[in-house]
Amino acid sequence: MRAAAVLAFLTFGALAAAATAAPLTVQVVNQRGVEQASRVTDSSGTRSTTGHGRVMLDVEAGEHISATRGAMTPEGAAGVSYTVPNPVPSAPVQLTLPSLPDAVAPAHDANEAWMLARVNDERAALGRAPLRQSGSLNRAADVYARHLLATGQFSHLALFDPWVRVVDQGWPIPGGGGVGEVLALAPSKESALTAWKQSPGHWTLLMGPGADVTGVGVAGNRWVMTPSSCGPTDAPERCEIGQSGERPPAGPPAGAPPVEGQPAAALKRARLRVKVRRQGNRVFVRVRLVEGRGVLRVAVRQGARRARVRAWRRGRLLRARAILAGGGRCKVTVRFEGGPGWADRRLVRLRSK
């Protein structure tokens, strides 16, 4: 009698006091040194890091900041905390989050390659683009398939949640954005594929027109696929599209200060054009990234108070708007958090009423 397959699927997933604020760059990694796309909280609120796990903050000495990948993670929603010393460090500060188990054999074996080929055959029949393998997703799928087999479990939450598992392996979107997961408990690759095809929820994820990458992992009778979308992200290279998942030798985080023996010229200087206009208690900022690749952020202060800023970016142009509490001079700070090969920059503009 043919063994039955068991399935599971998961869908894709105002003012603050600041007397002597100074810029602080935070780099978030895990215990293996892998950059972690995370969320960092300071006194002004919570913001996402870049895809390389980096963010620039305006902080005071004595202020508490924290970093986390989400609620269902080893560090929990509270995250790993850090108290800013006096003086505020000029060099980047590293926050280290707990690691999950690392991958053993992420590259596709014959069964995993067969599964990806058959899924792509079905996508082609529907006029959909093929799913390409992703190195970071392959590693996460390998880790989870082995964990399910070793523990005898079959659940999406047997090792925290799917999103922290992919970020732990280098996925560059905070919160594991764009990632879906399908599981099968099946005695063969053919029965796993058939069971997925017979489940509308699973098949919708695998055939989804928005998916462009996936990881595949199998251990014993535990199958894992992660149909996902690599983007939007400022670090698409960390999706490792078309790569097996065998990790390259580790290097310094992108945008990190030069190490001994590495000239500072290794990081290029971005070119920015900044225009600030003030009308009464309203401040309008326009930033054009003429040359460079990275994240643009705008902060507006008036004395000891930080104004809430609304910003919109389209391509290389960022527009921002802030409302001040009253008259008097204000300070506008534009921060550029450089992508791979680009140095961070900080520009300040002062405007009176």
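This note sets out a few points on the fold, the surface charge and one hairpin of the structure shown above.

1. The model is a predicted one, and its chain has a secondary structure that comes to five helices and 22 strands. Of the 353 residues in the chain, 48% are buried, while the accessible surface of the chain comes to about 15800 Å², with 53% of that area belonging to carbon and sulfur atoms.

2. On the surface there is a patch of positive charge, in which R271, R273, K275, R286, R288 and R319 gather. Two strands, β15 (271–279) and β16 (282–291), each supply at least two residues of this positive patch, and of the contributing elements it is β15 that gives the most, with three residues.

3. Within the patch, K275 may serve as a point of orientation for a reader new to the structure, since this lysine has its place in strand β15. K275 counts as exposed because its relative accessibility is 60%, and the cut-off for that term is over 50%.

4. Further along the chain, strand β21 (residues 330–338) and strand β22 (residues 345–351) pair in the antiparallel sense, and seven bridges join them. One of the residue pairs to look at here is R335 with its bridge partner R346, the latter lying in β22.

5. The same two strands, β21 and β22, form a hairpin, with six residues standing between them. In the turn of this hairpin, G341 has a positive phi of about 90 degrees.

Terms used:
Residues numbered from 1 in each chain as written. Predicted model: local features only at pLDDT ≥ 70, side-chain atom pairs only at ≥ 80, totals over all residues. Heavy atoms only, no water. Patch = residues over 30% accessible without salt bridge, like charges linked within 9 Å, V, L, I, M, F, W, Y side chains within 5 Å. Areas by Shrake-Rupley, 256 points an atom, 1.4 Å probe, with all protein chains shown as cover. Salt bridge = Lys/Arg side-chain N within 4 Å of Asp/Glu carboxyl O. Lys, Arg positive; Asp, Glu negative; His and termini not counted. Charge placed at Lys NZ, Arg CZ, Asp CG, Glu CD. Helix = DSSP H or I, 4+ residues; strand = E, 2+ residues; numbered from the N terminus. Buried < 20%, exposed > 50% of the residue type's maximum accessible area, 1.4 Å probe, protein only. Pairing = 2+ DSSP bridges.
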